[in-house]
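Visitor: Please take me through one part of this model at close range. Start with a single loop residue, then work outward to the contacts, bridges and surfaces that a modeller would want to check.

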Amino acid sequence: MISLLIVNYRSAQLAIDAIRSARAATNRPLQVIAVDNSVDASESDTLRPHADVVIASAKNRGYAGGINDGRAHCKGEVIVVANPDVVFAVGALYALADALNDAAAAGPALFWDDEHRWLLPPSDLHTASEKIGEVLASRSRAWLRLRDRSRFRKRVAFWELKQTTEVPALSGAVLGFHADAPPFDERFALYFEETDFLRRLGGRIVYVPAARVRHLYNQSAGQVSAEAAARYAQSELRYLEKWNGPFVARTLKSMEKPPLSFEFTPIDGPVSVEGEDLVVEASPLANFATAAGCLDCRTVDLPDEVLSSWRGDTIYLRALERGSGRVVGAWARRIRL
């Protein structure tokens, strides 16, 4: 049996859609646990007909706390934790379970759209050296361009994977592991909780392209939210302190500046691009530190379901040559005025 553990926060209908897709995607035993952090009885009541167990938290326990609370009720040998805003394709859960036969953790291919053309980016381990690169890119345009080219190539290599592959990190949006894995560190209420968990886990961490899941990518990053930014900064500092010591963590944080950005042409609709073997990327960030990508798009545009779910004001888009990483064009599309 697999135990699917969904942590909900004011997204009951999305969680119900995720549960329905998971049940429809398999004919094998599946237990569903829903942990509701909304502190709203209507949310918990809405979830009850759809999950085998619903845990209504007395306060918002965060993603890590919600996972820890839910695991006490999981009966499966394999646990798959998930955000509420995901849709499982047929076979996804059991592709993850099969991969765990010789791995400690497994994650699926995450897609932004219903047709599974827009791939979401690989996860970072957030090491001190990676943070140094980020800091330098915030202070030097030359380093920004160098880092951008390197990260683009890393993303493309990840998106081209067809077989289960060992990776350094995975997204917490959907993450499978064994029931006897250690608990999540609840000091990371939001952000970095899955990365810390994976670093402590031990054993192989694998990406499973055969497991396909749609995820409403980076909506929080698209929002201008002082609270979200503060939570991210707090969790990042705690994470860097835990893994590198307080001196290194505070030194790195003190050196960073607001991110530099690239230049963009404003657009309000699709743009056609000419060229061979192009990759189209889209990001909530003007420096493309992270991005979703389409390997076979010939028009710079996003599907309607992506645009309608986007919470930010602007999406940044660009087309690049796959081999060289040369930027053919870059655009900024205003979603809301």
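Guide: D52 sits in the loop between α2 (41-47) and β3 (53-56). The model is predicted, and every value below is computed from it. D52 is partly exposed, because its relative accessible area is 47%, between the 20% limit for buried and the 50% limit for exposed. Leave aside residues up to four places away in sequence, and D52 touches R23, L30, Q31 and V32. For a distance to check, take R214. It is 162 residues from D52 along the chain, and the two C-alpha atoms are separated by 23 Å.

Now compare another loop residue. G325 is found between β16 (314-321) and β17 (327-334). Its relative accessibility is 4%, so G325 counts as buried. Beyond its neighbours within four places in sequence, G325 is in contact with R149, F152 and L320. L100 is 225 residues from G325 along the chain, and their C-alpha atoms are 34 Å apart.

The loop that holds G325 also holds R322. The side chain of R322 meets that of E160 in a salt bridge, at 2.9 Å from N to O. E160 lies in the loop between α6 and β8 (165-166) and R322 in the loop between β16 and β17, so this pair ties together parts that are 162 residues apart in sequence. E160 is partly exposed, with a relative accessible area of 36%.

That bridge belongs to a longer list. A search of the whole structure finds 27 salt bridges. D124 takes part in two of those described here, one with R151 and one with K154.

Take R151 first. Its side chain meets that of D124 at 2.7 Å, N to O. R151 lies in helix α6 and D124 in the loop between β7 (118-119) and α5, so the pair ties together parts that are 27 residues apart in sequence. Both R151 and D124 are buried. For D124, the relative accessibility is 16%, under the 20% limit, so the residue counts as buried.

Then K154. The closest N and O atoms of the D124 and K154 bridge are 3.0 Å apart. This pair also links distant parts of the chain, with D124 in the loop between β7 and α5 and K154 in helix α6, 30 residues apart. K154 is partly exposed, at a relative accessible area of 36%. D124 therefore has a buried partner, R151, and a partly exposed one, K154.

Elsewhere, salt bridges join into a network. K131, E134, E236, K253 and E256 are linked in this way.

Helices α5 and α6 also matter for the surface. I132, L136, W143 and L146 form a nonpolar patch there, with about 350 Å² of accessible area together. The elements that give two or more residues to the patch are α5 (128-137) and α6 (141-159). One of the patch residues, L136, lies in helix α5. L136 is partly exposed, with a relative accessible area of 32%; that is over the 30% needed to join a patch, so L136 can be included.

Turn from the surface to enclosed residues. Helix α4 spans residues 92-99, and 7 of its 8 residues are buried, so the helix is largely enclosed by the rest of the structure. The buried ones are A92, L93, Y94, A95, L96, A97 and A99.

Cysteines come next. A search of the whole structure finds 1 disulfide. It joins C294 to C297, with an S to S distance of 2.0 Å. The link is right-handed, with 85° about the S-S bond. C294 is buried, at a relative accessible area of 0%. C297 is buried as well, at 6%. C74 is another buried cysteine, with a relative accessible area of 16%.

Last, confidence. The chain averages a pLDDT of 94, and 97% of the residues score at least 70. Residues 219-224 fall below 50, and this stretch has 11 contacts in the model beyond near neighbours in sequence. Where pLDDT is low, the predicted coordinates should not be read in detail.

Conventions
Residues numbered from 1 in each chain as written. Predicted model: local features only at pLDDT ≥ 70, side-chain atom pairs only at ≥ 80, totals over all residues. Heavy atoms only, no water. Patch = residues over 30% accessible without salt bridge, like charges linked within 9 Å, V, L, I, M, F, W, Y side chains within 5 Å. Areas by Shrake-Rupley, 256 points an atom, 1.4 Å probe, with all protein chains shown as cover. Salt bridge = Lys/Arg side-chain N within 4 Å of Asp/Glu carboxyl O. Helix = DSSP H or I, 4+ residues; strand = E, 2+ residues; numbered from the N terminus. Buried < 20%, exposed > 50% of the residue type's maximum accessible area, 1.4 Å probe, protein only. pLDDT = per-residue confidence, 0-100. Contact = heavy atoms within 4.5 Å. Disulfide = S-S within 2.5 Å.
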